[in-house]
Amino acid sequence: MHSELIKLEKTFKPSILTKIDDPWLMPYQIELWMKRDDLLHPVISGNKWRKLKYSLDHALSLGANTLISMGGAYSNHLHALAYVGKVLDLKTIGFIRGEQPQILTPTLQDMKAWGMELKFVSRSEYRVLRQYKNWHDLPGLKPGQYWLTEGGAQALALKGVADLIAEIGFPYTTLCVPCGTGTTLAGIIDAVPEQVSVLGFAALKNAGFLTADVEALLSQSCNNWQINWDYHFGGFAKINTVLTAFIENFELKTTIPLEPIYTGKMMYAVYDLIKKHYFQPGERIIALHTGGLQGKRGFT
Ligand SMILES: *Cc1c(COP(=O)(O)O)cnc(C)c1O
C-alpha cells in the first residue's frame, strides 16, 4: 500500500458493529446489526472508500497524476474522489451526467472547491462513458491519467469490500446491502462465508441489468445471493413521506443516521421483510451502512 494511503487511512475512525436495540424486533426473534462504514470518514465514507482504496493504490503505483471518473450531480463516488484528490495532491476530473444546473448542488460545490474539474455531459454521452470499464479504457487518455468507471466498478474494488467482511468477528446468517451499480454487492458475495445469504436492495427502478453486472464482477459464480427489487420507492432518489417518516423514526430510536437514497430504503426494506416473516426466527442479520450521508443535503 502506498505510504500516502496508509497515512490517510490512519485518520479514519473504525467501522464498528452496532446492535439495533429496538424492542419492535423482539417478537420476531431477529437480531439486527449494522456495520458502520458511515463512521470511517465524513467525506470518503462507506463503500466509496472500500471501492476506491486499491484502485488508488494501483493509480499511485503507476505514477498517475490525474484521476478521472463519472457520476450524477449528487454522486458520493465523485465527492469522495474529489476529496481524495485534494488530500493526495492529484488532479481530478469528473464527468457529470446531464446539463450544468443553474445552481450547483452542494455535492458539486464541494467537488469544485476541492479542485475537481467538472465536465457536464449529455445523457447519451454518459451512456457511452459507461462502457469503458478498465482504468486505461477511456479514449484519449493522456500519460499520467487514470480512469475509474462509474461507481468505481472494477475488480480492485471488490478487494476493498472484502476488507470490511474480514472485520466482522462473529457468525451471522444474512448480510444486507443497498445496490447502485452492484459493485459492493459483488465484493460481499465474493468475500462472505458460503453459508451466509446475501441480500441486495436495488436503489434504481428497472435495474434488471444488475444481476448480469454483478455476475460479471464475481470471481466465481455462486448462489447464496439475491437482489430484491421491491423497495426503490418509485425510482432512484425518489422519496415519499412513508420513507422519510421511517428514517426519522429509526434515527430517533437508534441515533444512527440514514440517507434516503440507499441506506434508508434498505433499512425500510429490512424492517418490512422482518414484519412479513421473510427471515427465520433466530437469524442474525447484518445490514451494511454504506455511508453517503453527505447526499442527504440534496433532500433537506
Ligand atoms: C454509491 C453508494 C451505494 C451503491 O454502491 P454500488 O457499489 O454502486 O452498488 C450504496 N450506498 C451508498 C450510501 C452509496 O453512496
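By class, the residues lining the largest pocket comprise 17 nonpolar, 20 polar and nine charged ones. The model in which this pocket is found is a predicted one. The pocket has a volume of about 1200 Å³. Its lining counts 46 residues, and those closest to the pocket centre are Arg130, Glu150, Gly180, Thr181 and Tyr262. Two or more lining residues come from each of the helices α2 (46-61), α3 (76-88), α5 (123-130), α7 (183-191) and α8, and from each of the strands β3 (66-71) and β7 (174-179). Helix α8 gives the largest share of this lining, five residues.

The pocket can be placed against the domain division. The protein is divided into domain 1, which covers 3-43 + 156-299, and domain 2, which covers 47-152. Each of the two domains supplies at least three residues to the lining of the largest pocket. The C-alpha centres of domain 1 and domain 2 are 24 Å apart. In the contacts between the domains, 29 residues of domain 1 meet 27 residues of domain 2.

Tyr83 gives a local view of domain 2, whose range is 47-152. This residue sits in helix α3, one of the elements that give two or more residues to the lining of the largest pocket. Leaving aside residues up to four places away in sequence, Tyr83 touches His41, Val43, Ile44 and Trp114. Of these partners, His41 and Val43 fall within the 3-43 segment of domain 1. Pro139 is 56 residues from Tyr83 in sequence, and the C-alpha to C-alpha distance between Tyr83 and Pro139 is 25 Å.

Helix α8, already met in the pocket lining, also belongs to a strand-helix-strand arrangement. Strand β8 (residues 197-202), helix α8 (residues 209-217) and strand β9 form a right-handed β-α-β unit. The strands β8 and β9 (residues 225-228) pair in the parallel sense, with four bridges between them. Within this pairing, Leu199 has Gln226 in β9 as its bridge partner.

Strand β8 leads on to an enclosed space. Rolling a probe the size of a water molecule over the atoms shows where empty space is left. Over the whole structure, a search finds one cavity of 30 Å³ or more. The largest cavity holds about 40 Å³ of space. Its lining consists of Pro178, Phe201, Ala202, Ala203, Tyr231, Ile261, Tyr262, Lys265 and Met266. At least two of the lining residues come from β8, and at least two from α10 (263-275). By class, the cavity lining has eight nonpolar residues, no polar residues and one charged residue. Tyr262 appears in this cavity lining and is also among the residues closest to the centre of the largest pocket.

How values were computed. Residues are numbered from 1 along each chain as its sequence is written. This is a predicted model: local features need pLDDT of at least 70, side-chain atom pairs count only at pLDDT 80 or more; totals for chains, interfaces and linings use all residues. Side-chain values use heavy atoms; hydrogens and water are left out. Two strands pair if DSSP finds at least two bridges between them. A crossover is right-handed if, with the strands pointing away from the viewer, the path from the first strand over the helix to the second runs clockwise. On a 1 Å grid over the protein atoms alone, a cavity is a set of points where a 1.4 Å probe fits but cannot get out, and a pocket is an open set with protein on both sides within 12 Å along at least five of seven lines; lining residues have an atom within 4 Å of a point. Grid points are joined across faces, edges and corners, and a volume is the space filled by probe spheres set on the points. Ala, Val, Leu, Ile, Met, Phe, Trp, Tyr, Cys and Pro count as nonpolar, Asp, Glu, Lys and Arg as charged, and the others, Gly among them, as polar. Domain bounds come from an automatic or database domain assignment. Contact means heavy atoms within 4.5 Å.
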